[in-house]
Amino acid sequence: MQYKTEIHLHTKMHGDRGFSDPDELVRLHKDAGYSTIIVTDHYSADNLGKIDGSWDEKMDYLVGGFKKALAAGEKIGLNVLLGTELTLVTTQSDYLIYGINEAFMRENPNLHCLNLRELVDVVNKNGWLAIQAHPFRLAMQLVPPELGWPIETWNGGTEPEANEEAERYAREHNLIGLATSDYHEPADLGLGAILTDVEITNIEQFIEIVRARKFTNIHKDRVGNKGY
């Protein structure tokens with residue numbers, strides 16, 4: 001038996017870029033045979049700027065979708081884990097961060113204002129996993145390949161040509177490549193995922209599996225790809 005996991009997913013709770021209510025997306029993924037989803041709502045200047053309040057109020061907003069999805073998942077037997085899609089002001093590029101937790105985000109404000117070298121240092125110091133999201137989407141700045149960061153080689157919200165370029169780049173530099181749906185709405189369900197021989201139940205396990213390349217990518221094209 002293999003287990004299916006979505007590692008790049010957004011909820012309606014964190015802003016207008018996510019269109020599925022957390023309860024709905026949990027049910028849809030459970031019904032579609034997923035064992036685990038990782039909620040990666042947008043940690044960005046634009047998204048945080050929607051809340052005119054304290055840093056804690058901004059964090060309440062950022063993790064609100066995850067918490068609602070977590071509660072829904074516990075009721076129906078779907079693992080719901082926390083990550084984030086961090087957009088650096090300095091690069092205007094997106095990085096999926098795994099291992100970060102709510103307490104760290106509350107105690108260390110404005111991670112989106114770091115430069116790339118500072119982000120690398122924080123990721124390494126804390127033992128997190130960082131994955132470059134949709135690296136060949138327009139205007140993305142590539143992380144230097146010598147850092148060895150994995151990249152999305154299939155992103156359900158990205159044009160097929162950009163995904164093909166990401167596949168070639170990963171092979172050229174021997175980088176780990178992952179498939180994701182970049183889920184925002186029900187039409188995105190199943191566009192990309194990873195399969196594993198064991199059920200992923202926590203982020204540390206997920207990080208270990210990715211680093212060991214003990215997963216298989218699956219994906220499919222969408223009709224009318226809109227490119228988030």
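This is a tour of a predicted model, going from the whole chain to a few strands and one asparagine.

**Whole chain**

Start with everything shown as a cartoon. The protein chain has 7 helices and 10 strands. Its radius of gyration is 16 Å, close to the 17 Å that the globule rule gives for 228 residues, so the chain is as compact as a globular protein of that length. Along the principal axes, the C-alpha trace spans about 40 × 40 × 35 Å. Of the 228 residues, 55% count as buried. If you turn on a surface, about 10000 Å² is exposed, and carbon and sulfur atoms supply 50% of that. Among contacts between residues at least 6 apart in sequence, 73% join residues at least 24 apart.

**Strands β4 and β5**

Select residues 79–87, which are strand β4, and add residues 94–98, strand β5. The two strands run antiparallel and are joined by 5 bridges. One place to look is E85, which stands opposite L96 in β5. Together β4 and β5 form a hairpin with 6 residues between them. In the turn, select Q92, which has a positive phi of about 55°.

Now show side chains on β5. D94, L96 and Y98 point one way, while Y95 and I97 point the other way. Are these residues buried or exposed? All are buried, and the strand is mostly covered.

**On to β6**

Add residues 129–132, strand β6, which pairs with β5 in the antiparallel sense over 4 bridges. Here I97 stands opposite A130.

**N79**

Go back to β4 and select N79, which lies in that strand. N79 has 18% relative accessibility; the cut-off for buried is under 20%, so N79 counts as buried. What does the side chain of N79 reach? It reaches the backbone oxygen of I200 at 3.3 Å. A polar contact of 2.8 Å also joins the side chains of N79 and E199. To see the surroundings, display S35, T36, I37, E199, I200 and T201, which N79 touches, not counting residues up to four places away in sequence.

**Strands β7 and β8**

Finally, select residues 151–155, strand β7. Here 5 of the 5 residues are buried, so β7 is largely enclosed by the rest of the structure. Add residues 177–180, strand β8: the two strands run parallel and are joined by 4 bridges. I151 stands opposite G177 in β8. To follow the connection, select residues 160–173, helix α6; the chain crosses from β7 through α6 to β8, and this β-α-β crossover is right-handed.

How values were computed: Residues are numbered from 1 along each chain as its sequence is written. This is a predicted model: local features need pLDDT of at least 70, side-chain atom pairs count only at pLDDT 80 or more; totals for chains, interfaces and linings use all residues. Side-chain values use heavy atoms; hydrogens and water are left out. Buried means under 20% relative accessible area, exposed over 50%, partly exposed in between (1.4 Å probe, protein chains only). Two strands pair if DSSP finds at least two bridges between them. A crossover is right-handed if, with the strands pointing away from the viewer, the path from the first strand over the helix to the second runs clockwise. The radius of gyration is taken over C-alpha atoms; the globule rule is 2.2 Å times the number of residues to the power 0.38. Contact means heavy atoms within 4.5 Å. Accessible areas come from the Shrake-Rupley method with a 1.4 Å probe; for residues, only the protein chains shown count as cover. A polar contact is a pair of N or O atoms within 3.5 Å; within protein, one must be able to donate a hydrogen and the other to accept it, and residues adjacent in sequence count only if both atoms are side-chain atoms.
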